[in-house]
Every structure is written in C-alpha cells, then in structure tokens.
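Reader: I'm new to this one and would love a friendly walk through it. Could you show me the structure before we start?

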Amino acid sequence: MGIYLIRRLFGAVLVMLAVATLVFFMLRIVPGDPIAAMLADAGGPEEVAILKQKMGLDQPLVVQYFKWISNMFQGDLGSSIYGSRQPVTQILLEALPRTMSLAFISFVIALVIGIPAGIISAMRRNTPTDTAVSMFAFLGLSMPDFWLGILLIIVFAANLQWLPAIGYVPMSEGLWAWFSHLILPSIAVGTAFSAIIARMIRSSLLEVLRADYMRTAASKGLPVKALMLNHAFPNAMIPVITVIGIAFALLISGAVVVENVFAIKGLGRVLINGILNRDYPVVQGAVLVVSAFFVFSNLLVDVLYGVIDPRIRLS
Amino acid sequence: MTLLQIENLAIDLTRGAQTHRLVSDASWQLDAGQTLAVVGESGSGKSLTALAVMGLLADELTPAAGHILFDGKDLLTATDDELRQLRGPQIAMVFQEPMTSLNPVKTIGYQLTEGMRHHLGFSAKQAKARALDLLEQVGISDAKRRLKQYPHHFSGGMRQRVMIAIALACKPRLILADEPTTALDVTIQAQILSLLSRLCSEQGVGLVLITHNLGIVARHARRVVVMYAGSVVEAADARQLYRAPKHPYTHGLLSSVPRMDTRKGSKLLPIQGAPPDPFDVLRGCRFNPRCQHATDKCLTDKPLIDHMAVHAVACWNQLDTPLDHTLNRPISNNASGETRNP
Amino acid sequence: MQTEATLETPVHRQRENRLRATLAKDRKAQFGVVVLGLFIVAAIVAPWIAPNDPNEMTLDMMNPISAAHPFGTDDLGRDLLSRIIFGTRISLFIGFSTVIIALIIGVTLGIAAGYYGGRLDFIIMRYIDLQWAFPNFIIAVYLVAVFGTGLFNIIAAISLAFIDDFARVTRSMTLSIREEQYVDAARTMGFSNIRIMFGHVLPNAMAPIIVQATVSVSYAILAEASLSFLGLGVDADTPTWGLILADGRGFISQAWWLGVFPGLAIMLVVLSINFIGDWLRDALDVRQAI
Amino acid sequence: MTQEPLLQIQNLHVRFPVRAGLLQRTVAEVKAVNGVSFVVNKGEAFGIVGESGCGKTTIARAVLRLVDATEGSILYNGDDVTAVKGQQLATFRKKVQAIFQDPFSSLNPRKTTKDIIGEPLRVHRLVNGNDVNNRIKDLLELCELPARFAELYPHEMSGGQRQRVGIARALAMEPEMIVCDEAVSALDVSIQAQIINLLERLRKELSLTYIFIGHDLSVVRHLCNRVAVMYLGRVMETAGADSIFKNPGHPYTSALLDAVPNPDPEDEAGRHIEPLQGEVPSPSNPPQGCVFHTRCPQVMDKCCQSVPPLENINPNHAAACWLNEA
Amino acid sequence: MSKDNDEQINIESAWKDAHDFDPKDPLFGLTRDEMSGTDLSRRATLRLLAAGGALTFAHLIPGSGATRLAQAADAGGTLNCGWAGVGEIVTLDPAQINQVLQFQITSNVYSGLMHINADLVAQGDLAESWEVSDDGKIYTFKLREGVTFHNGDAFTADDVLYTFDRSKDPEQSIHSKVIANVANLEKLNDHEVRFTLNKPQASFLPKALERASGRAMTIVSKGGIEALGLAQYGLTPIGTGPFKVTEHQLGQGVVLEKFEDYFDSERPLLDKIIIKPIDGPEPLAAAIQAGDISYIGGNPVPAQLVERFQSNPDLTVDIKPAPGFQSVWINPWREYMQVSDFNKPVEELKKEKGFMVRLALAKALDRELFVKQALFGNGVPAYGTINPAMGYYYDEKIGESSEQAFDPDGAKALMASAGYPDGEGFPELELITTPSQKRYGLVLANIYKQVLGITVNVVPKEFSVGIEDFNKNDYDLRLGGSGGDYDPDDGLVDWMITDSKFNGPTRDKAKHPFGFFSEAEVDAVIAEESVTAEPEARKALVQKANAITSNKVACGFLYHPVDVQVYHNSVNFPDESRIPGLHDFDRVSIKT
C-alpha cells in the first residue's frame, strides 16, 4: 500500500509538472502571443522592450521555462500585472479556502442527497420512488448550474430572504455565517454532482445485486440486511468512487461558474477575472492550482479505491 | 428416505406482459446421502431447477407449478425466513463460476465464517477454528494465512475448493453442485470432483451434481436424470441408462460423444438440429423436431413421465436397443446414421 | 439437400429494430426525440418562425408575456422568443460541431492507440492522461483564454477539451475488441490494418462512442452556455442562450422571463439529449458510468 | 495419407514481455511457448492437447502469424514464414486459415454472413465480382447451410450455424491448411458432434491439413492422426493418436487420461483414479528441469535439474521424460 | 407657493453674492480673513466655488446642505456596504486611484489638508488654519497637532512634504497635474508648511488640496509604505482618517474599523464598516433587499434598479445631478474616420471624408432615445464635457447649436458624401465598452444601424483592458467618460487639451502625434479659462472651448449621469455627510 501510494503520488507530481509545462508553452507558442499583447499594454515599443528585458522575456524560451519552473517550485508564480500587482501565490492562497469550502459543502450536499437517493431507487426499482429519483437525477444533470444559482438567489435570497444572496464569509467570522453563505452556491454546484452519484449508485447497486457472489452470499441464508451491508454496498461503492473522481471535475467546473454567480472570489473567479483582465500570470497560476486540486483529488479517489478494493491494493 | 423430491416443477420467465415457461414437468427425487446427477445441454433447465430448490431464482423467474419437498416440507410455499433458515444448515450450493462466485472485497475467512456465525451462533473464534478445519478438509494448505487473503489471491481450482468449504460450513444435508468444474482444467476438475464426492459420502451429505458432461456423470453418480428443453426426459440408474437409453434424446446424446475407447475411425452420430429456443411455442414432445422416431402423436401430445419408476422415460416411442460403445453405435442394426452419410 | 443445420431452430431477429422497439417503450426517450427534433427544426427555420428580428430593439422594454411577445421582451425591448429561437442555432451548432470534431480526432487517436499498442499507445495515453488532469470545462476556459473568444475559437476550445473522452472510450473498446476472434480472423485473412480498424473494430466500438457523443453534445451545449455566461463566449450581440441569461441577469427580478426562458431552453435541450442518451445506452447495451 | 512435411516447427519460443512503470521497461517474461518442435504432414490432422496455459493456443497464433515467434522457425513448405512480410505474408495467409473457438466472438456481429464470407473474396479478388454471390452460396452449401443464411447476422444464428459460417469463411480463401483452435469446445454435445463430422468430411473432400488444438482428449483422439501433448510451454509427448492414448509414454499424459472420465459407468466403476495434485506453475517462472516435476507422481532427483529431451521411445512415438531413459 | 418664491429669491441673491467680485482680484473679492481661518464660511466657499466655476444651484438650495441638524446619533455597530458594479477594489493607494469608487473608500481612511462638506464647503481637515497672501499665491498652513497615523506614527509637516514629493512625480503618481500650479512647498516647522503657487488658483483649496477627489494631497504614510511595500500598501493603506483598513482581500472586500485615535474624538460613530464589491445589478438588489448590505456605494446604481428601490419602503433613495459626462470616443487614426489635423476650421474639416464620418457618427447619436432605452430615463443628453451639475457654466442651448446635435438626415447625408450612402462600403466598427456598459453599447450599435446603416460590433472588455486599448489608440470606438467633474477644468483640462492625461498616454508617439483630440485653439482657450477668475469671462471661455470640442467632435458626447444614493432606513445618514459622489461614513450611524 505504501509503495502504491508513493508511486501514485509520484505519478501525480509528474502529471502536474507536465500540466505546468503545457500551461507555460501554450500561452507562448500560440499565434498572437498573448504575453506580448499583455506587455504591449505597458506602452510604446521602447517600454515594452525594457519590460521584456526586465521580465527576462528576451531570453530563449527554454531558459524562461526553467526559470519559471524553478520559481514555481519556490512558490513564486509571478505577480498580477494589474492593480496593486499582488503576488499570484498570495491571490491563490486567498482564493483557495473559498473554493475548498464551496467544494466541500457541495460534496457533502451531493453525498447526502445522492447516496440515499441512489440506494432507495435501486432497492425500489421500477416503483414511483425510483421514477422520481431518476427524474430528479435527469433534471439535476440537465440544469445549468449557473441558472440554478440565479433561481436560488431569486427565490431564497431576494424573495424569501432566508439566506444571504452572495459573497463569502470566512469561517473565522462564525460557522453559521460561513455556512449560510455557502448553502445556495453549494446547492447550485452540488445538484448535478448528486444526480450523477444517485444514478451511479443505482446502476452499480443493481449490477452488484445481479452478481454471482451475491447469489453465493444468499445461498448461505444470510438476512437481507447482512447481504446489503456486508456484500452489496462495499462492491457497489467501487465504481461509485471512480465516478466521484470524474464528478469532481464537474464540481470544479461548476465552482468556476457558480463563484461568478455568487460573487465568491475563489479560484474560478480568479481565473475568469484573470482571463477577462488579460492577467496571464494569474491565469496560469489559477489553471495550475485548479488542475492540482483535480489531480490530487483523483489521487485521493485512487487511494480510497485501494482501501475499498483489495484487488487494487496489492497490485 | 427421500430427502428431496421435486414434483412437476414449472418455472416461468416473465418479461413485461409476456410469460415463457422455461421449465415444465421437472420431477426427480433424491434419497439422503445419495448422489444424483442431472444431465442436460445448455438451456435444458437443470440449473434453474437447482436455484428453485434454493429459492434463489432471479426476480423475473417464478416457480409456477409443482412442489419441491425437502424432508416432506414444500419449499415453494415456505416463507422467505423459513427458506433462509434452511439455506446453509440444510441445503447448500456450489456454483459454476469460481472466478465470480466469491465476493472480491471480503476475505476468504469472512466469507467462510459468516454462515456459521449466523446459523450456528459460533463465536468468531469457534468459526475461525472450524474454518481452518474446513480449509484443510478441502485440501488448502497454510490455512491460517489463506483465511486472511482475498479471492483474487486464489486460482480457479482453489476458489472452487473454498466454495466447497463454504457449502460444507454449516453441515448441510444436501449440496447442489451446479456445473462445479466446467470452468476448470481436466486435472483440476478431477481433483475437485473426487474431493466433493468423497466429502459428501464421508459426511453423509446428499449431492445433486448438475452437469453436461456425461463422463463426470458416469464416474460420480449412481442415478441420473436427463433433462431436455425444460423437462425431464429420462431418469434411471446410471449403468442402465448408459447401456440401454430409452429416450431417443439420451440415445443420441450418448452416440454424439467421442470416447476414448471406441474403435479408431468410427463415426459420431449426432442429433440433428439444435435445442429449441425457450421462447418458441412447440406442441407435443419438445424433442420432436430433432427426433428420428417421431410419429404424429409426438407432434401433438406431450409424453408424460412416471418419475417414481426405476427407469422413467417421457417418450411415446421408447427404444430398447442397448448401445455398443466400442463402435459408438447401437448394437443392433439401427440405420439412422448410415443412411444419411454417403 | 437435407442438412443437419436446416433443422436447427428458426432464427430470431430479436435485436432487429431494437432501437425502435425500446423507443416505443421509453416515454422519456420519446419526449427527448420529439423535443430535440422540435429544437432542431426551430434552428433550421428560425428566420421564418421567429416573430421578430432577434436584434430589433424597441422602447417596449421588459414587457411581460403578451400575444405580441409570447416570452416577453428583454431589457432592450427585443423579443425574447425570437432571440431564444435564434439562440437554438448557436447552441445546437456548437453542441454538434464540437462533438463531431472531438469524435473524429478522439476516435482516431483511441483506435490507433488501442489497435497498435506499444509505443504509440504509450504516447497517446500519456497525452490523454495529461488532458485528463484538467476538467474539460477548465480546458475550454483556458483555451479561450489563449485563443480568444469568437465562434471558431469556442468550437476549437470545446472540441479539444472533449478529445480525451472519445479517445479513452475508443481505446478501451478497441482493446477489448482486439481480443475478439473476428479480428484475428480478419488478420488471418490478410486484411490491411486500416481495413481492420475501420471496417471491423470501429463498427463494433460505435455503441459506447455514440452514447459518449450524445452525452458530450449535452455537455458541449452546457459548456457553451457557461462560457457565454462568463463573458467568454461567441460575441456580444449574437443571441446565445448563455448570453441571454448573462445579459438578463441584471433584470430578472423585474422580468422573470429573462431568467426563466433561456434557462428552460438549455435545460430542455440538455434533458432531451440526456433522455436520448439513456435510451441509446439501454438500446445499444452500453455499460458505462454516468 | 502422404508423408511429406507441410509444416515444420523448430525450437519455437514465444515470450510475452510484462512491461511496467513509467518507462515501460520489461520486468518479466511469460514463456508461453518454450522450445517446441514438431512436424505436420500434408493431409493429416495434427492434434495439440493440454490444459489452459500450456501454450497450445500460442502455437496456433504463431503459426497464423498473429503473434511473432521470439525464437525458432516455422517452415511452411520449406520456407521460413516467421518473419515474412508484404506479398509473401499475403501468399502464406491464403494457404493457412483458422477456425476459432468461440462462435460468438469469431464473427463480426455487424456483418451478415454474406459480408463475412464475401469480404475476403472481394478484398483478395479470389473470384470475379459477379461470381461472389455464387461462391458464397457454394461455400455455405459446402458447410451444409442453406443459401438464405447469407442474409443473416451472427446473432440470428445458433452456435452451430455460426461455427459453420466460420468454417465457410476459412474455406473462402481456399487454404491448404486450417488451424482449428478449440473449434468445437464451446458447443453443446449434440452440436459438437455435427461440427466434428463436418470437419472430417471437409478434410477428406478438400484434402486439407489440420492443426487441431483442443483440451478434450476424446475429441482430439477422434479427429487426429497424430497428437502432441503440451505442458507449460513444452511438448511432453508426441505420437500417433492411438498409440499415445493407449500407451502413454509420459506421466503427464497418463494423468490427463486418468482425469478424463469415460461416459461409461461400468468402465468408471472399475477405474481407480489418483487425481493429479497441485496446480500448473506460472509460465513466467517455470520450474527448473522438467516443467512437470512439481506435480509428477514419479518425480526423480534428475527431473528437478535437467530438462528431459523429446526422444523417440518408439518409431513415431516421442516423449520427454527421464523415466524412459532407464 | 409663496415659500417657493421666497426660496427662489434667496437663491438668486446668494447666487448674485457669490459672483459679485472683481475678477482681477487674486482673492476673488474675499478678504484675507475670509480666505484664511479654520474653515471657510459658506459665503466664502460659494464664492470660491463660483470663482472655480463649480458652483451649482444645488449648492444654494436650503435644506440640501448642513442646515438640518443630524439626528441624535447612536455610536457603535457595523455597517455593511455593497460597492456596486465592481468585482474587486484593486487599489486604495491615492497615487494609483483612477476610479471614483476607490476614493470613495479612501476618503474614509485618509485625511487631506482640506475636505469639502456637503455644501462643497472646503474645511480644514489636517489643516487647522491657514493664511493667504494678498496676491493669492502663498498659502501658509498651520497643521493639526497630535494627529497620529493608524500605525501610531505622529503626523508632521514631513508627511505633507513626503506626500507632495510623491504626488509630484509622474512615475509614482497619476495625479501630478493636480498640483502642477504649486511652485514650491516648504516646511516652516513641524506643524507649519507653506505652498507657493505660480499663479492664483480659485480651486486650490476646495479641489487641489481636497482629500477625496483631489487625491494628490491625500496624506500618505511614509513609514507605512516602507514597511508594507507598495503592493500591500495598495490593499491595506495607512492614513490618518477616521477609519483604518483592518482587512482587504481582493474580491472579498475591505473591512474598515473605527480608528480610536482619530483627531476628532466624537467621530467616527460606527465601529466597523464592511465593504463588499458586488458585481451585477441583481445580486446588488438582492443583497440590499435581503439586508445583507444596508448601503450602496461604488459605481452608479444600475438605472433599472432605481425605480425598484424607490418603491421599497425600507429604502431611502436620494437622487442628485451627477457631475460627469459619457461619450463615444472615435479614434481619429482609423483610416475611415481619420482626422490628422483638428486645427483646420470646421468648414474645411467638413470637406474631409474622415471628418464627415466622424461628424456623422456624432450627429447620429439619438441621445434622447439612448437615455430612455439604456438608462431608463436616468440621464441627460450631453454635447460637451460641461455638465448641468456645474450650473453656471452649463450651456443649455448647446443641444441646438452644436454641430453634433442629433440630426439623422444630416448624418446620413454626411455618410453619403463620404462615400458610404446608407452605410454601404463602410467597414464594421468595434465599440469597446466595459462589461457592465455592454447594453449601452448595444443601444448605440442599434442607433448607428438605424440611422447610418452601419454595423458596430460591441466588444465588452474589462475596464483595465479597455482603458489600455484606449490609452494606446488601439480602438475604433470606445464608450467612456468622466465622473466627479465639479469644475470645468475636470472635463476640459483632464480630457480636452493636447497633453491631457487621458489623451493616448501610451500611444506610439511617432505614429500618432496625439491621442483622440488635439486643437491649438482649444488648448489656448482652456489655458486661459483655467486661470481666469472673472465668472462671465471664464464662462465665455469655458463655453467657447466646450463649443469647439463639440463642433470639432473631440468625441461623440452622449449623456451626463445622475447620482443616486441608496441606503436602508436603519442607516442614519446625516445630510451634512451627503457630499455628491462621496460616501463619508464618519458621521453615519445605525439607528437602534
């Protein structure tokens, strides 16, 4: 298990390195050179030349690359080119807890809704309950998250005034303040996620219930509860966990959009603002962190996978 | 003493509004401590019958008629709870696919002991002790370490040994073995089957051996039931059945198998055609399209079987010519094969 | 000639028309086919069925639903129904075109990787793994950042983002189909690799690819809507659903129709496609997550 | 039966690398076929038997050029075909065809019988375009299928019918030799006999040469003139079909024979069987010496150290066992 | 009715009085005593405003000023504010501030030497008292003692010098032009400084030294800048104002807390102010309706929300004319609308194709329609930089006299003579707007399509991006303008002279000698008006400059905005703090 973990961790780091490389070169190799465009904002040709020299952009691409990478390893992702020229690392460090909070609550909401829904609909296959869950899942998958966010604001914040409309409050200002600001955006992000989980659990559970080993277990005369708890669920969770990894992508993408609806300056909003402001150091940094978030949550999923499935554990 | 008696069992498959009868008129019986073989090709209904005994038919399958009497009690009318009480301590089953029949995420030890803990009220320690004993009985060495391992550490043959141990765990009176060695190599098959039949006879457990392999039947069973297209067509003592099959199907089956002791160059005499699709509606004897002895009656009337008979046959035109195995053809002049081959 | 085989059972055409048969039973799929069909028709004949010019401004700003404006008007007095009808064009065009592009590239990569194996597979798989390290939508966002906005760039960005999904599905199908004996048979017959890949492997790998494509169309439509919503979309005044929503965002509590109808349009199309995808998954017997 | 060798396999090795890690380095090798030699004469049916993992299917695939030989040679009509390419390979492919085990998997489910049989005819221009349909009809007839089957998809046919289509497809190439890889083992007993009879008839009528791979000794015995028994990538014994099963020259062959029950209760009642113990070792790490020594009831010290050569114990009967040395 | 009449009479007399001085008098008809002191009298301020041209009738209406007493104030509490139309408060460093919504915040954090009150009366802020020389060129300030910065440093004359040096340097500050008239600043002792001006300047006290809109003499902390570094200082600056910044995360907002050691012990009243940037009208409306925020600052309240807020009984809505203008900037360096020399007389320019197009683009602006459609009626058509809030200088007739008055047929004819009848052959233009002004752009595009038959594509860009394009002369059309224009100089000097700060500062000077506009006569007239004290004369000069820029189409002038203040009824916002365009919270409290 230890070696497996280390190997996977090593793999994840390699992937991240490759991602960083890709992120670096894509901006510089595409026609139009957005970096040059960004510098051109600094003024006339002389100023650009001076700035290029100052930023080392007159050096060969490979030299720039290694400098960038080595800076990155020292936690230096450059500075925003805009406003007070904050270091990108600082901007991202401020944004990260917001996105993590949003992701966490969304995740919890998704699991709390998705898992029971999936189980119930598998156990009551082809009943009205099953149909209802399946309709919920379809709607959840089909509703654009930002639209759901807007509808939630209109209903729960503007009209009913139950919850705050927008913004983020750090946990230090009170658990409820933090949580109440996250409820609506988390529902907006988590709904699609919970729909996927519900569907996955349902189909996975149905498949497991058809498996030969379930018949073996039944042939031992075990009660239904034992069959479900000890035999069906652990196996049904294996594909679900894989899907949770996939759905994490959805969650992050959802956060990017929904943060913009709810004016939460998390990674997504940093990324989008960076793009809109042509703040490329920020964009690069945000993309890196988002994919790191994703890669390492997938790693977590893999490890979890190993915990649940002994076949993976020792291979 | 009759341990298990199946009477006119019928099993229906319901798909939407449609119902298909997959098994009809399955009847046979087994005495305590005996071994019975149920033979048939795929789709003959032999496995479904076994699952019906266990009460483990899939949702869309329902026993539609007949009785399954275990110790005189009809299992088809028993409650789920009563059935659960029987499964394990009374009846156990060994399945065909050793690779998929064990739960991949549970240790062998867990899967072996859970039945004992549930039915026999064993403590973890007692259960583990018996598990070690069982593994040794089925010929798995290093049992202590093996208990902690998962199914994927085991080869197919080993898994089937584990399955046998699981079946024996609660000391059942009957084991249903459904094609227990089909997925295994011949040498392993021989190990497993002799192990199974030895343990059953040692412990006085009745064994129903379900198989398509006529050789296995010949080696391990005293009495044989032949099934075709969902019905029992013939039931007899093994020697009698192999020497002088009365049903044309059994006859054809035995003539189709290449044997190690036939004269080189002899010809196989296959049954023509293929078994009917379970979804087809056929009147009369279900074997009639393939039968060379079919008469008009066979097309309209279904032959019934007297399953209490020593040699029971469901056929309007029973044969009574013994087979000559060395030639792989009937002893007397049955010309069916010769005329067809130029 | 009387042969043994002729006496075998009559053949069954049970899988024949399986699509139609399952469709007949699947009410959700029927709904999906009809609704998607209506949207496609609407997209094609938009200029003839839209009651107004979608960009024509009037001083009837934020007028509620009326006979003249069945979906009301927006903040610039434009007819919302007409804008949504024209928006169908962009949404569906982007949805389908991106998936077709991604499918062609992804399937080619996947089938080559799976069929040839070895180093080629290794290289393609590393590329796919790399792309896998980004959520699709983030890839699209980043590509838009790099290439800039505009219809062509959006299509390029979304297509690129979906390549790995198709490559993955195709590769795994190819790997299993490669083990099928009819592929061995085809090789024994001396057929060319191209012929085997595209004549034998691909047709049998199509079921999950079709399902993947269906799902991807819905994702692409959502992705376009999200990009437009974020201001990274096609351009400022082309009516696309995401943009209509983004523009209407400032007015929805005075004019709820601005927030409801474009969102409903997105949801209906995506829902229909999901229904269709589910039906295809069943009908084509594809076992696959999500 | 003529006795000129059509196919000669000499010291054939097939190893599959097991790759792992980032750089895909080879960390181990599966020795699927480990120095096998035999000869197949023109017009005969040569059987290869053994349990799963013994390498029999790999030999078939190597002969069909579906896997590459790692070492050794395969001479067809005297020419080494292990490395031929292009036109030479195409010529060879025409002469050697295959019938596969699984009637479900061996036919492309998206194609009708007509397409399946017609494709090689068209691609290799074996007949004129106009005659393709006639030729298909002829081939179907040869395999005892009526012409209407040309229009059917595989899933519309039963297993036996599908296997006949597979045979017709192989015959379309007008081969000299057919490799039958477990060609009947997936079929029900009653159908199996039909196909066996068909194969026998075709061999006679078309003067074909068969390599018949199987695990069912009685089927192999029934169909084949000569048989090789394999274990863990090596040939243990080879001889005429009658003599090998009547007078086995290798303990493994004996064990196999013991394990196979005869469908005759009287016969079985008289047999005392001691089943072979243990399981087949991993082909990536085969035992030293005789590969069978870990399970052999008559194992000797020598067996653990050196590999016994395949030597004639009779004319036409060779076995690889130190017991025969004595 | 009679009351209204009385009021009318009072206003007229006040107006007269304010303007009743000899224009050649360097002290603007005030005595040295009136000009000096601890604060200016209302009369003096009005006169200075009048002299500076910033006097409006709004200033004269009784009740709009501090005449009403503040209600009994409750101390303590937290005020939640939403800053409208912005995603993040990018900087709070006065030297870098280029948006009104930023100095609205810093006005609460820093002090200046002077600060205007609700009547735009300049009062001493850190200046305790001052004296003016007879020639109006030398100002001697006595600085408040015992003032400390938020970091505990004592405030002395050195800080004034430090701030002055920093602001004077164009490398460090974007406001160097504000104090360009200062010839010299010397420290007399720790609490006395002396400014020497090049020439008398009416707006010196109320504008140049003003802490909010002036920005140049907003006193920054040398110790703070050195300790924090520029980037951090821009986020959490240190000043001497009533509130200190305790927290500032970009996008998250700014937290201000009461500065206990503020020099006026009675202020501030609030303990804490939380300022959240809120982008988008709907979240803004939702936030104030839900009570998440109870005060709106920042960018102008979105026009479509005004009516909705007015109908909400929980909210107080206060509308005043806003000083500013918005216009369509037309790049004179684009081939199809090129004007390389604005110095030619209008009649001659009108013969050039480029100018024809330019004029057509301005003439085609249906401003009435625009205000109705884009602003929901909340705005006034504009034809120049001089806005109605400036009152006196505003030319009400300009809408009829200007060359660029709306005239669809004339615009069409011009396009036709330029060779583009009905817009045929004319290229598609890009109109850069900010994302929040996108719909304004769409309305404009529609007007151009309807009137001229040309296609204008709206390209929304973030302010930071669009302004760079503008500064580089890389645009076709841009929608933008100015705010906080209390004095004609704000519009004219900042925007219309050749070396104005917005006139293509980063352009390629070799290719483009000027940015969007350059006219010698305008430069001369503006130079003259900005030092002319006599109101009539200045008014004439201002209107002349305004007319030339309008006729020669410095840009297509579009509209003047209105200032809308919105807050929850629980907020006690005393009238004395209601400074148009500012949100000073030092006297604000929360009703209990």
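Reader: Which residue is the bridge partner of Thr238(D) in β12(D)?

Author: Happy to help, and please keep in mind that this is a predicted model. Strand β10(D) pairs with strand β12 (residues 317–319) of chain D in the antiparallel sense, over three bridges. Within β12(D), the residue bridged to Thr238(D) is Ala318(D).

Reader: And which residue of β10(D) is the bridge partner of Ala228(D)?

Author: Strand β9 (residues 226–231) of chain D runs antiparallel to β10(D), and six bridges join them. The two strands form a hairpin with two residues between them, where Leu232(D) takes a positive phi near 50°. On the β10(D) side, Ala228(D) has as its bridge partner Thr238(D).

Reader: Why is strand β10 of chain D largely enclosed by the rest of the structure?

Author: Buried here means under 20% relative accessible area. Strand β10 of chain D covers residues 234–240, and it is largely enclosed because the number of its seven residues that are buried is six.

Reader: Which side chain of opposite charge is nearest to Glu462(E)?

Author: Glu462(E) sits in the loop between β16 (456–460) and α16 (463–471) of chain E. Leaving aside residues up to four places away in sequence, it touches Leu276(A), Asn277(A) and Pro435(E). Glu462(E) is buried yet has no salt bridge; at 8.4 Å, the nearest side chain of opposite charge is Arg269(A).

Reader: What is the mean pLDDT of chain D?

Author: For the model, the scores are ipTM 0.81 and pTM 0.83. In chain D, 98% of residues reach a pLDDT of 70 or more, and the mean is 89.

Note on methods
Residues are numbered from 1 along each chain as its sequence is written. Chains are lettered from A and ligands numbered from 1 in the order in which they are written. This is a predicted model: local features need pLDDT of at least 70, side-chain atom pairs count only at pLDDT 80 or more; totals for chains, interfaces and linings use all residues. Side-chain values use heavy atoms; hydrogens and water are left out. Helices (H or I, at least four residues) and strands (E, at least two) are DSSP runs, numbered from the N terminus. Buried means under 20% relative accessible area, exposed over 50%, partly exposed in between (1.4 Å probe, protein chains only). Lys and Arg count as positive and Asp and Glu as negative; His and the chain ends are not counted. A salt bridge is a side-chain nitrogen of Lys or Arg within 4 Å of a carboxyl oxygen of Asp or Glu. Contact means heavy atoms within 4.5 Å. Two strands pair if DSSP finds at least two bridges between them. pLDDT is the predictor's confidence in each residue, from 0 to 100.
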